[in-house]
Amino acid sequence: MKSTYRKKLEKAANFIREVFDDLETEGKEDFDNYGQRLEDLASEIDDILEEEDLLTDEEKIDDGFEIE
């Protein structure tokens with residue numbers, strides 16, 4: 001994964017968690033409606049980043065296409 005994509009995913013997870021925290025402290029009704037979904041989404045992004053960390057260098061290479 002390109003480092004720019006990784007940084008954007010990390011920022012996205014952080015922003016989602018900030019919204020989660022704001023809703024938890026200020027917006028009881030919105031938190032009840034969206035809180036768990038936001039936390040699940042942030043966790044899914046973290047899982048993507050962890051999977052990327054576990055890949056070997058060879059697995060990270062995206063061939064895109066093969067020439068025969």
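Helices α1 and α2 are roughly antiparallel to each other, a label given to angles over 145 degrees, with under 35 counting as roughly parallel, 65 to 115 as roughly perpendicular and the rest as oblique. In this predicted model, their axes come within 8 Å and cross at roughly 155 degrees. Axes here are lines fitted to C-alpha atoms, for helices over the stretch in contact, and the angles run from 0 to 180 degrees between N-to-C directions. The crossing of α1 past α2 is left-handed: the near helix is turned anticlockwise from the far one by less than a right angle, where clockwise would make it right-handed.

Now the overall layout. The protein chain has 3 helices and 0 strands, in the order α-α-α along the sequence. Helices (H or I, at least four residues) and strands (E, at least two) are DSSP runs, numbered from the N terminus. Helix α1 covers 3-26, α2 covers residues 28-54, and α3 covers residues 57-60.

Confidence comes next. The predictor's confidence in each residue is its pLDDT, from 0 to 100. The chain averages 83, and 79% of its residues reach 70 or more. Among the elements, α1 has the highest mean, 91, and α3 the lowest, 56. Where pLDDT is low, the predicted coordinates should not be read in detail. Local features need pLDDT of at least 70 and side-chain atom pairs count only at 80 or more, while totals for chains, interfaces and linings use all residues. Residues are numbered from 1 along each chain as its sequence is written, and side-chain values use heavy atoms, with hydrogens and water left out.

What fills the largest nonpolar core? It is made up of 8 residues: Ala-13, Ile-16, Phe-20, Leu-23, Leu-38, Ala-42, Ile-45 and Leu-49. The elements giving two or more residues to this core are α1 and α2. A nonpolar core is a set of buried Ala, Val, Leu, Ile, Met, Phe, Trp, Tyr and Cys residues joined through side-chain atoms within 4.5 Å. Buried means under 20% relative accessible area, exposed over 50%, and partly exposed in between (1.4 Å probe, protein chains only). Of the 68 residues in the chain, 16% count as buried.

Take three core members in turn. Ile-16 lies in α1 and counts as buried because its relative accessibility is 14%. Leaving aside neighbours within four places in sequence, Ile-16 is in contact (heavy atoms within 4.5 Å) with Leu-38, Leu-41, Ala-42 and Ile-45. Its C-alpha atom is 7.9 Å from that of Leu-41, 25 residues apart along the chain. With the same neighbours left aside, Leu-23 touches Lys-28, Asp-30, Phe-31, Tyr-34 and Leu-38. Leu-49 lies in α2 and is buried, with a relative accessible area of 6%. Beyond four places in sequence, Leu-49 is in contact with Arg-6, Leu-9 and Glu-10.

Outside that list, consider two acidic residues. Asp-21, in α1, counts as partly exposed at 40% relative accessibility. Asp-21 and Phe-31 are 9.0 Å apart, C-alpha to C-alpha, and 10 residues apart in sequence. Glu-44, in α2, is partly exposed too, with a relative accessible area of 49%. The C-alpha atoms of Glu-44 and Ala-13 are separated by 8.9 Å, across 31 residues of chain.

Finally, the contact range. Of the chain's contacts with a separation of 6 or more, 58% join residues 24 or more positions apart.
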